[in-house]
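Subject: Handing over the model

Hi there,

Here is the structure I promised you. Have a look at it first, and then read on for what turned up.

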Amino acid sequence: MLNIYYLVNSFIVFRQNSSKIKEEYSYATGIQFKWMTFFVLGYLAFVFCFFLLNPGASPVVVYIPFLMVSFYLYSQRLNQNPVELRLLNEVPIDEEDKKDSNGPLSEEKRFEIIDKLKFSIEANQSFLINDLTIHDVAKDIKINSSYLSNVLNQDLKTNFATFINSYRIEKAKEILLDEKYHQFTIEAISEKVGFKSKSSFNNAFKNLVGMTPSEFKKKNL
């Protein structure tokens, strides 16, 4: 049962990391362990069904698929890009920030951060950068990364990845309806607006618009 314990804990860690990734990164391709979910759940289902159908079977039999899964997970780690999942103080905080660091941010300060954030993203079109992080944006607007994350969560009711993707999707909608880009494939458009893969673009587009990019284009042209 020890292997099941480790698999369950691996799944918990995966869930925690997935949440943290969305707080700090505008992308998940190459850094999210989504492939691990299928193998953990699949293995647990195998173990459950095996002992349900063969209650007297030896637990040793379970170690064979466990070793196969372990070998696959080990090989998949080579496709992962190492990232640091923690909010950092990347810029010096000013005197006003030091006062706020002893307690919650004032409402005035929170509105100020939102205004700076939106102006920076829209003026610089930094959402088009496919490896943009919350630390990049925080540094640009000279604010603490943790404060920025808190404002996104509490005031805008979103996370960093979803916030940036909303700008990318709006830009994608413009391109999809622009005759100048009529020959562009969906994958080419996804790259142009800052996504690292077509699948992540399709998923984000459908979550925010309610249909795929292809469906949107067909409906509005």
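A word on terms to begin with: a residue is called exposed when its relative accessible area is over 50%, buried when that area is under 20%, and partly exposed in between. Please also keep in mind that this is a predicted model.

With those cut-offs, E174 counts as exposed because its relative accessibility is 52%. Its side chain meets that of K171 in a salt bridge, at 4.0 Å from N to O. K171 is partly exposed, with a relative accessible area of 24%. The two sit three residues apart in helix 8, so about one helical turn separates them.

Helix 8 holds another pair of this kind. E170 and K173 form a salt bridge whose closest N and O atoms are 3.3 Å apart. Here too the partners are three residues apart, which puts about one helical turn between them. E170, at 43% relative accessibility, is partly exposed.

Helix 5 has a pair with a four-residue spacing: K116 and E112 are separated by about one helical turn. Their salt bridge brings the closest N and O atoms to 3.2 Å. Both partners are partly exposed, K116 with a relative accessible area of 35% and E112 at 28%. In general, side chains of opposite charge can pair when their charged atoms come close. Across the whole structure, the search finds five salt bridges.

Now for a charged residue without such a partner. R168, in helix 8 (residues 160–176), is buried yet has no salt bridge. Which side chain of opposite charge is nearest to R168? It is D131, at 7.2 Å. The cut-off for a salt bridge is 4 Å, so D131, at 7.2 Å, does not qualify. What the side chain of R168 does reach is the backbone oxygen of F127, at 2.6 Å. Beyond its neighbours within four places in sequence, R168 is in contact with S26, F127, I129, N130, L132, V193, G194 and F195.

On to the nonpolar interior. The largest nonpolar core has 20 residues, and L117, I121 and L148 have the most contacts inside it. Two or more residues come from each of helix 5 (107–124), helix 6 (134–140), helix 7 (145–154) and helix 8. Apart from this core lies another, of 14 residues, including A172, F195, F205 and M211. As a general point, nonpolar side chains tend to be buried together in soluble globular proteins. To look around L148, start from its contacts outside the neighbouring four places: I113, L117, I134, V137, A138, I141 and I143.

One loop residue is worth a glance as well. T158 is found between helix 7 and helix 8, and at 17% relative accessibility it counts as buried. Setting aside neighbours within four places, T158 is in contact with L152, N153 and F163.

Finally, the overall picture. The protein chain has eleven helices and zero strands. Of its 221 residues, 38% count as buried. Among contacts with a separation of 6 or more, 67% are between residues 24 or more positions apart. The accessible surface comes to about 13500 Å², with 57% of that belonging to carbon and sulfur atoms.

Happy browsing, and do write back with any questions.

Best wishes

Notes: Residues numbered from 1 in each chain as written. Predicted model: local features only at pLDDT ≥ 70, side-chain atom pairs only at ≥ 80, totals over all residues. Heavy atoms only, no water. Buried < 20%, exposed > 50% of the residue type's maximum accessible area, 1.4 Å probe, protein only. Lys, Arg positive; Asp, Glu negative; His and termini not counted. Polar contact = N/O pair within 3.5 Å; in protein donor to acceptor, adjacent residues only side chain to side chain. Contact = heavy atoms within 4.5 Å. Core = buried A, V, L, I, M, F, W, Y, C linked by side-chain atoms within 4.5 Å. Areas by Shrake-Rupley, 256 points an atom, 1.4 Å probe, with all protein chains shown as cover.
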